[in-house]
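Visitor: I am new to this structure and would like a close look at a single part of it. Please take me through that part slowly.

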Amino acid sequence: QGSRRRAGPTLAHARASRRAAMNVVCAGAEGLPDGAYVSIRVGETRRQAAWKPEQKFHFPGGVARNLHLDIFEKLGSAQVSLAGIGAWDGRQDVDISVTKGDGSRMRLGLNVEVPSSTEPLKETQQEKKEAAKKAVEYMERSGAQRLLSKMVQVLMVQQPEDPAAFMADFLAQQRTQEAQETSKVSVTVSAGTGLPDLSEHHSLLAEALKKDPSLYTSLKDRSTKSGVTFAQVVKPGIENKGHRMIKTAGVVAGCAECYSTFAPLFEAIINLRSASAASSSVQPRCFDYTKVDGAPIDAEGWRVVGVQVRVSRNLASMRFPSVCDFDERREVEKLLTGALLELTGELEGTYEPLVGSTSFPSRPGGMEAAREAQLEAKRALFYEPDSSIAISSGICRDWPDARGVFASRACGFWAWINEEDHLRLHVAEDSGDLRSALSRLSRAESALLQALQQLGHGFAWNDRFGYLATGPANLGTALCATVFAKLPLLSARADFRSTCRRLHLTAHQSDVGVWALSNGDRMGSSEVDQVNAVIAGCRELVAMERALERNEDIGCPAGGTFFAGSEQTSPRAPEWSDIPGLGDEEYPGFPVEECPERLPNLSKHHSLAAEVLRADPSMYDELKGRKTPSGVSFARIIKTGVDKPGHPMIKSVGAMAGDEASYEVFAPFFDGLLHLSHGGWTEQLRHVTCLEPAAVVVPKSDLASKYIMSVKVGASRNLRGVRLLPACSIEERRRVEQVFAGALSNLGGRFAGEYFPLARSTSFARRPQGMGAAEAERLSAAGALFSEPMSPALLASGLGRHWPDARGVFADTAVEFMASINDEDHLHVSVRRQGPDLCGAFADFCEAHASLEEALKREGHAFMHSDRLGFITTCPSALGSAMKVRVDVKLPLLGARADFKTICRALQLEARQGACASVWKLTYRATLGVSEASLVSSVLRGCGELARLEEALGAEEAMVLP
């Protein structure tokens, strides 16, 4: 009366855990009627008995992939004598009357027969030949020869201790798969029957056929030239009723021609699935990654933890995985691996067949266990499908033969072969840069297509449906762009998923606290349009998360642009004045002019400022009434830390200075911050400035140079006599721009360049509308352009007021010497170089810095500088040298270790993932108390240590950690 299919272990697991037999023991039950019978089938073996605790069912042949459970209720029983059957010519008719449990009676008639025996006929020689011929024909026609050959191949590779158990298990699994893939079609959807009853089915197929039954009658007898039938197309939706809340397509394509032969059905399903796809008669194509929005999704960076882009492709000349046979699948593997193994540069890699696959000559048993674990850790591995829909579709036949993963050596690029489609390409990055990911994917796809075309093959494409996939959900671009983001507050809301849907995003939780946000549509728009839609949608979600962090009501977006803290839902482009903290007004929240009488409750705040104020509550009362000579209050200093509670795992400073005098007027508070943020710094210590290239200590070994790809030296400076950006007026900010733009433009020589105000800035007379689009693109590509602050902490600080007025970038022609004006500090100057010459970059920086100081001095200006604290900066964490040195290194072996970042921290280096898996961006962690020359020396020493460890790993020597 009831049955339940239970998923079992995969084939690989079954091989690993095989035993001579398997026992199934009844451990407990609830809700079973009295006298219930338990029946369990494993493969072709069935065991049943009346229910009782500890009832054991024994199955020979080892661990199976699944079992089938039936629970029966006894209706009645009778015993019938067959003693006289021999006297009745081997036949006995029996009429049985059975009394049911409720007293009523049932009648059942049986015919019992015993076939008569005859002497076997002696075969002639000709008859033997005919029998052998029929046997060969049968073996070929039934596929038994291929099945046995495959079993022997796998047997030779695996060499199990119990070959009989292995073969029994192998054949049982093959029989189960064949039964699931073929028997139901002939029974449920035969050419001569009418439309099956779909009243309780919930797929798009069922919806389309119920809406228009003529689709079934007009298509049921059609087939493609390659032999794909309508029954095979609709099989998943006929066999699986589905769930009313999770509506699948219910159909699969078996070849490219399916989309023309069965076009009316696919059109109906697509119309139900997507309105945008239904309205588009031609699928657009645009893989030009340069048209992707390059602005960051999250300006703070920590909410977006990675991105991934993938596309699916099928060969136009081959049947798709849902119907292809054993030999076709191997031919697909041969063609695609040949093309993939021709990739060069950062895409170069190796092909790893799945464990148990015997199709790839150089790896007859599949990948090694260690490699399988590596790919699994990177989430680059795929597994045998176990859902009933996937099994019905036919994509898992002959598993795992001719299936595998191609993985590049240098970066996060991999390809799956013969999973759901012939090919699925993936690119993943730990940054939030979808543009970069799409560019690598585009290069890989283009190179593969070119290699295949040389062999006379290409990817399946249809002008109406786009790239043709096994499942209709992937039609169109067959592209999925995903952003992995942390949105703890927004995702906790009941309307989170509906909010994502309104932004045309799908959302599912990929890890603890991490959501995978992807494009919901594949058809009706191009690849670039879909990636840009994901970027825009995720940017909106991040803005909502920020608003929730400020305890603001975000409302619900209605398809337009979301503005944190406002009711604006118009689809117009955002005005900066609409966003609190970027217009003329102060950011709402804690006041900036006068402190409240009492300090707000900071018990749930996680900044360093909150920690200092909680440690000494009297400090607030002592400082709340003070102001600097230029009018900066303590309220402005701590506003960002009061407005933003922060995150317990990401502790920000929570305070910003308003002018040079802030560090003296509010010394008790800032000294407490510096003690926490700069390793025990005290008011008795003094910072030493040393901008002398000759003072750099260069390691004796030049080993690090072979691993360093590029270097960058930069430092922040502020103009004495002007308030810092959180507190300055629009006139002060324009004065800063005028002074620094003039000084930089007069440098000349190797540092000659041009000043480009940000677009729509009206403060610079020579460029009253700011830089143009082409200039912005060039500066952005070089990493020289900055954008408006979007994090709640920066907006609350006042840094973004009057955006983008009086802000811009100075750069030389090669964009190797650059400076940003009025970003977080008045000025940030940097020098970058390709290659390992950090000393040369530092020398150039020192020369440019000295020239700037001299130019300022001639005009009666100077940088803010303190004998105690070094160069004065807006954020206390940058005090001292205010310098940042970054080195991009390529460490394929050391960088792959789980403890790599720990090793870097021991060397006082901070490591962040670069453009690909083996490239890392290293920066030095300390500023206050470390001179500029010492900082560069420490970076050189740290890189040398990392190079030494990389060399040791390459030589397979023991690593001696620093």
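Visitor: Of the 65 residues in the largest nonpolar core, which touch the most other members?

Guide: In this predicted model, the residues of the largest nonpolar core that touch the most other members are L922 and L946, out of 65 residues in that core. Taking L946 and setting aside residues up to four places away in sequence, one finds that L946 touches L891, L894, F900, I903, C904, L907, L909 and, as the last of these partners, L922. Apart from this core lies another one, of 60 residues, which includes V309, V534, M544 and I554.

Turning from the cores to charged pairs, the side chains of D293 and R539 meet in a salt bridge, with N and O 3.0 Å apart. This pair links distant parts of the chain, since D293 sits in the loop between α10 (275–278) and β9 (304–313), while R539 belongs to helix α17 (residues 527–549), and the two are 246 residues apart. D293 counts as partly exposed because its relative accessibility is 31%, and R539 likewise counts as partly exposed, at 27%.

A further salt bridge joins the side chains of E352 and R371 at 3.5 Å, N to O; E352 lies in strand β10 (residues 349–353) and R371 in helix α12 (residues 369–377), so the pair ties together parts that are 19 residues apart in sequence. Here E352 is buried, with a relative accessible area of 4%, and R371 is buried too, with 17%. Finally, D298, E300, R303, R546 and E549 are linked in a network of salt bridges.

Technical notes
Residues numbered from 1 in each chain as written. Predicted model: local features only at pLDDT ≥ 70, side-chain atom pairs only at ≥ 80, totals over all residues. Heavy atoms only, no water. Core = buried A, V, L, I, M, F, W, Y, C linked by side-chain atoms within 4.5 Å. Buried < 20%, exposed > 50% of the residue type's maximum accessible area, 1.4 Å probe, protein only. Contact = heavy atoms within 4.5 Å. Salt bridge = Lys/Arg side-chain N within 4 Å of Asp/Glu carboxyl O. Helix = DSSP H or I, 4+ residues; strand = E, 2+ residues; numbered from the N terminus.
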